Structures are given as structure tokens and as C-alpha cells.
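Subject: Structure for you to look at

Hello,

Here is the structure I said I would pass on. Please open it beside this message and follow along as you read.

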Amino acid sequence: ETMQFWIDTSEQANFRRMTLNGGKHEIFAAGTIDSGASLRLSMFATLHQIDHAIVYFDSPGGSLSGGIELGRTIRKLGFETGVKSANYEYEKGPLAFCASACAYAFAGGTARFYDDRVGKLGLHQFYANENINISAEDAQFTSGYLIDYLDEMGVSGKAFSLGSKSTRNEMTWLNTPEAEELALANNGIE
């Protein structure tokens with residue numbers, strides 16, 4: 001299923017938003033990232049008049065360009081990011097996953113919160129569909145583009161290098177200290 005966005009409008013969620021989150025909405029983003037995800041998020045924020053939010057991801061990834069565009073949209077909106085399932089209960093789960101292209105969308109947050117006890121953040125090599133061959137020139141261009149994007153978002157280029165060590169069928173799962181060392185997680189400090 002393609003990525004969908006929603007907010008919890010329950011009394012408990014509204015109380016948490018106003019008392020604990022400083023008025024910040026919690027937007028939950030789950031599903032596969034496609035090329036329309038960034039537009040759907042922009043429209044969602046406009047429709048619900050949300051100008052201060054944290055986007056919580058639970059996504060296996062999807063389109064790399066869609067993930068980067070979603071990250072840029074999140075940055076343009078001034079939103080924060082995190083990895084958490086909409087139905088997560090502290091120390092009970094379920095764990096959320098933000099992997100592959102989702103990690104690039106996650107990098108777009110002005111503040112990026114990550115706790116490996118709540119969710120998992122994963123990186124691996126980028127790849128094209130099985131029917132498409134990527135030339136060496138295209139691979140180099142894409143690599144440079146991804147490193148530039150990470151730098152623009154304040155994330156170490158080492159995140160790209162670390163992800164490159166895992167094939168398309170593998171995943172490098174980061175623990176919290178590793179994500180912080182790469183500045184992929186900044187826990188509110190940009």
C-alpha cells in the first residue's frame with residue numbers, strides 16, 4: 001500500500017499534543033513511499049492546517065526519488081521526524097521500521113528523533129528495478145546526489161557509505177548511538 005498520512009484526533013492525543021508536545025501534531029506516515037507521497041503530505045498539512053508537527057514513519061521504503069522529495073517537503077514545512085508505529089505502546093510495541101528510501105525521507109526532519117527500542121532505522125544500497133540496468137555513470141551521479149542531499153540535511157555522508165555495504169537484499173540496522181554519530185538522529189539539536 002502506498003504511504004498514507006493521518007493524525008490521532010482522540011482526546012488523549014489532543015491532551016498529549018497540548019501538554020507534552022508544545023502543540024505539535026503527530027502525523028503518522030505508513031506504507032510504501034511513491035512519487036506522490038510528498039504531494040499527499042503537503043495537501044494533508046494544508047487540509048488539516050498543520051504548521052507544527054513530527055512525522056512518525058513506519059515504512060519499508062520504496063521510491064528513492066520519492067523518499068528524497070518527501071524529505072525535502074518535510075524540511076520545507078519545518079516538520080520533525082521520528083520512527084514510531086501509530087499503535088505503539090511503551091515497551092510493548094509494535095516496533096516500526098523506516099528502511100531504505102524511508103531513511104532519506106526521515107533525514108528531512110529539522111529534528112530527527114530515533115530510539116531503537118521504539119523503531120528500527122535501516123540503510124542499504126540503492127538499486128533500480130530488475131528490468132533496468134544502471135550505467136556506471138548513472139551510479140556515480142546518483143551516489144553524489146545522495147551524499148549532497150544528506151549533507152544538505154545535516155547528515156554525515158558516512159551514512160551513505162554504511163548503507164552501500166549492504167546489498168539490496170540486506171539491511172544495515174542502526175542502533176541509537178550509531179544514528180546519532182552519523183547525525184541521522186539529532187534528538188532535537190540541529
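A residue is called buried when its relative accessible area is under 20%, exposed when it is over 50%, and partly exposed in between. Phenylalanine 97 has a relative accessible area of 38%, so it is partly exposed. Please keep in mind that this is a predicted model.

The sheet

Five strands form an open sheet in the order 1-2-3-4-6, and their pairing is mixed. At the edges are strand 1 (4-7) and strand 6 (112-113), each of which pairs on one side only.

Strand 1 and strand 2 are antiparallel and are joined by four bridges. Across this pairing, phenylalanine 5 is opposite alanine 29 of strand 2. The side chains of strand 1 alternate: Phe5 and Ile7 point to one face and are buried, whereas Gln4 and Trp6 point to the other face and are not.

Strand 2 (residues 25-30) is parallel to strand 3 (residues 53-58), with six bridges between them. Here isoleucine 27 has valine 55 of strand 3 as its bridge partner. Strand 3 also runs parallel to strand 4, this time over four bridges. Valine 55 appears again there, opposite threonine 81 of strand 4. Strand 4 is covered on both faces: Glu80 and Gly82 are buried on one side, and Thr81 and Val83 are buried on the other.

Helix 3 (residues 64-77) lies across strand 1, strand 3, strand 4 (80-83) and strand 6. Its direction is at about 160° to that of strand 3.

The core

The largest nonpolar core has 42 residues, and the members that touch the most others are Ile27, Phe57, Leu70 and Leu121. Helix 4 (residues 101-106) gives the largest share of this core, with five residues.

What does leucine 70 contact, once its neighbours within four places in sequence are left aside? The list is Met3, Phe5, Ile33, Ala37, Ser38, Leu41, Phe57 and Ala105.

The last of these, alanine 105, lies in helix 4. Its relative accessible area is 0%, so alanine 105 is buried. With neighbours within four places again left aside, alanine 105 is in contact with Ile33, Phe57, Gly67, Leu70, Gly71, Ile74 and Thr81. Aspartate 116 is 11 residues away from alanine 105 along the chain, and their C-alpha atoms are separated by 18 Å.

Aromatic rings

How many aromatic pairs does a search of the whole structure find? There are four. In one of them, the ring centres of phenylalanine 97 and tryptophan 173 are 5.6 Å apart and the planes are at 65°; planes over 60 degrees apart count as edge-to-face, so this pair is edge-to-face. Phenylalanine 97 belongs to strand 5 (residues 96-99) and tryptophan 173 to strand 8 (residues 172-174), so the pair ties together parts that are 76 residues apart in sequence. Tryptophan 173 has a relative accessibility of 40%, so it counts as partly exposed.

Elsewhere, ring pairs link Trp6, Phe28 and Tyr56 into a cluster. Lysine 84 lies over the face of tyrosine 56, at 4.4 Å from the ring centre.

Positive phi values and an exposed leucine

Most residues other than glycine have a negative phi. Two residues in this model are worth checking against that.

Glutamine 49 has a positive phi, near 50°. It is in the loop between helix 2 and strand 3. Is glutamine 49 buried or exposed? Its relative accessibility is 70%, so glutamine 49 counts as exposed.

Alanine 183 also has a positive phi, near 65°. It is in the segment after helix 7 (176-181). Alanine 183 has a relative accessible area of 24%, so it is partly exposed.

Leucine 39 is in helix 2 (residues 37-47). Its relative accessibility is 54%, so leucine 39 counts as exposed. Threonine 176 is 137 residues from leucine 39 along the chain, and their C-alpha atoms are separated by 30 Å.

Regards

Technical notes: Residues numbered from 1 in each chain as written. Predicted model: local features only at pLDDT ≥ 70, side-chain atom pairs only at ≥ 80, totals over all residues. Heavy atoms only, no water. Phe/Tyr/Trp six-rings, centres within 6.5 Å; stacked < 30°, edge-to-face > 60°. Helix = DSSP H or I, 4+ residues; strand = E, 2+ residues; numbered from the N terminus. Buried < 20%, exposed > 50% of the residue type's maximum accessible area, 1.4 Å probe, protein only. Lys NZ or Arg CZ within 6 Å of the ring centre and 35° of its normal. Core = buried A, V, L, I, M, F, W, Y, C linked by side-chain atoms within 4.5 Å. Contact = heavy atoms within 4.5 Å. Pairing = 2+ DSSP bridges. Axes fitted to C-alpha atoms, helices over the stretch in contact; angles between N-to-C directions.
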